[in-house]
Amino acid sequence: MLMVRVLATGTFDILHPGHLLYLSESKALGDELYVIVARESMIKHKPKPVIPEEQRLAMVRALRMVDRAILGSEHDMLGPLYEIEPDIITLGKNQLFNEKELENQLRAHGIRAKVVRIQSFDPCELCSSSAIIRRLLRPDR
């Protein structure tokens, strides 16, 4: 029987229900869920994480739905994909990639994975790391 390997990626700074929903929905698409936790040095589109990368990795590894979690490459975003060989790569609702463009980039590098946007999103007030940080920094809390 062919196993379907799903890959989810993210920063996973301060874990919250939105992360759990994203990873649960990703796992539901296949048999194995691999997660790449972003390296601090590779995060350019938002503020650096509060939590160190090894600690973020440990937290993601501890989640029941995750079969394997690794840190991303510090040099080549696509590097780990050659080892993992995912069938499906999932994107969270708020991740900045365009699905079709990413799929085309992957194809150009010989990676045949299908890219799927997870549409589920938890609208709770503290379902984003940045919202949690804003709340913590609020003087009237």
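**A walk from the disulfide to the sheet**

Cys124 is partly exposed, with a relative accessible area of 34%. That is our way into this structure, which is a predicted model. What is Cys124 joined to? Its partner is Cys127, through a disulfide with an S to S distance of 1.7 Å. The link of Cys124 and Cys127 turns 100° about the S-S bond and is right-handed. Unlike Cys124, which is partly exposed, Cys127 counts as buried, because its relative accessibility is 5% and the limit for buried is under 20%. If you go looking for another such bond, stop here: the count comes to 1 disulfide.

Now to the strands. Strand 4 covers residues 88-91, and both of its faces are covered. Ile88 and Thr90 are buried on one side, while Ile89 and Leu91 are buried on the other. That split fits a general pattern: in a regular strand the side chains alternate between the two faces of the sheet.

Which strands pair with strand 4? One is strand 1, which runs parallel to strand 4 over 3 bridges. Here Val6 stands opposite Ile88 of strand 4. The other pairing to look at is with strand 5, residues 114-117, again in the parallel sense and over 4 bridges. In that pairing, Thr90 has Val116 of strand 5 as its bridge partner. To get from strand 4 to strand 5, the chain passes through helix 4 (residues 99-108), and this β-α-β crossover is right-handed.

Helix 4 deserves a stop of its own. Leu102, Glu103 and Leu106 are its buried residues to pick out. Why do they sit on the same side of helix 4? They cover an arc of only 100° around the axis, so they share that side. Turn to the other side of helix 4 and you find Lys100, Glu101, Asn104 and Ala108, which are exposed. As for what covers the buried residues of helix 4, the list includes helix 3 (79-84), strand 4 and strand 5.

Zoom in on Leu106, which lies in helix 4. Its relative accessibility is 1%, so Leu106 counts as buried. Which residues does Leu106 touch, leaving aside those up to four places away in sequence? The answer is Leu78, Leu81, Ile89, Ile111, Ala113 and Val115. Ile89 we have already met, as one of the buried residues of strand 4. For a sense of scale, compare Leu106 with Val50: they are 56 residues apart in sequence, and their C-alpha atoms are 30 Å apart in space.

Next, the aromatic rings. A search of the whole structure finds 1 aromatic pair. The rings belong to Phe12 and Tyr22, and with their centres 6.4 Å apart and their planes at 15°, the pair is stacked. The cut-off explains the label, because planes under 30 degrees apart count as stacked. Where do the two residues lie? Phe12 is in the loop between strand 1 (5-10) and helix 1 (17-27), whereas Tyr22 is in helix 1, so the pair ties together parts that are 10 residues apart in sequence. Are these two residues buried or exposed? Phe12 has 4% relative accessibility and counts as buried, and Tyr22, at 8%, counts as buried too.

Phe12 has something else to show in its backbone. Its phi is near 55°, a positive value in a residue other than glycine. Most residues other than glycine have a negative phi. Glu85 gives another case: its phi is also near 55°, again positive and again in a residue other than glycine. Both residues are in loops, with Phe12 between strand 1 and helix 1 and Glu85 between helix 3 and strand 4. Their surroundings contrast, though. Phe12 is buried, whereas Glu85 counts as exposed, because its relative accessibility is 57%.

Definitions and conventions:
Residues numbered from 1 in each chain as written. Predicted model: local features only at pLDDT ≥ 70, side-chain atom pairs only at ≥ 80, totals over all residues. Heavy atoms only, no water. Phe/Tyr/Trp six-rings, centres within 6.5 Å; stacked < 30°, edge-to-face > 60°. Buried < 20%, exposed > 50% of the residue type's maximum accessible area, 1.4 Å probe, protein only. Pairing = 2+ DSSP bridges. Right-handed = clockwise from strand over helix to strand, strands pointing away. Disulfide = S-S within 2.5 Å. Arc of directions from axis to C-beta. Contact = heavy atoms within 4.5 Å.
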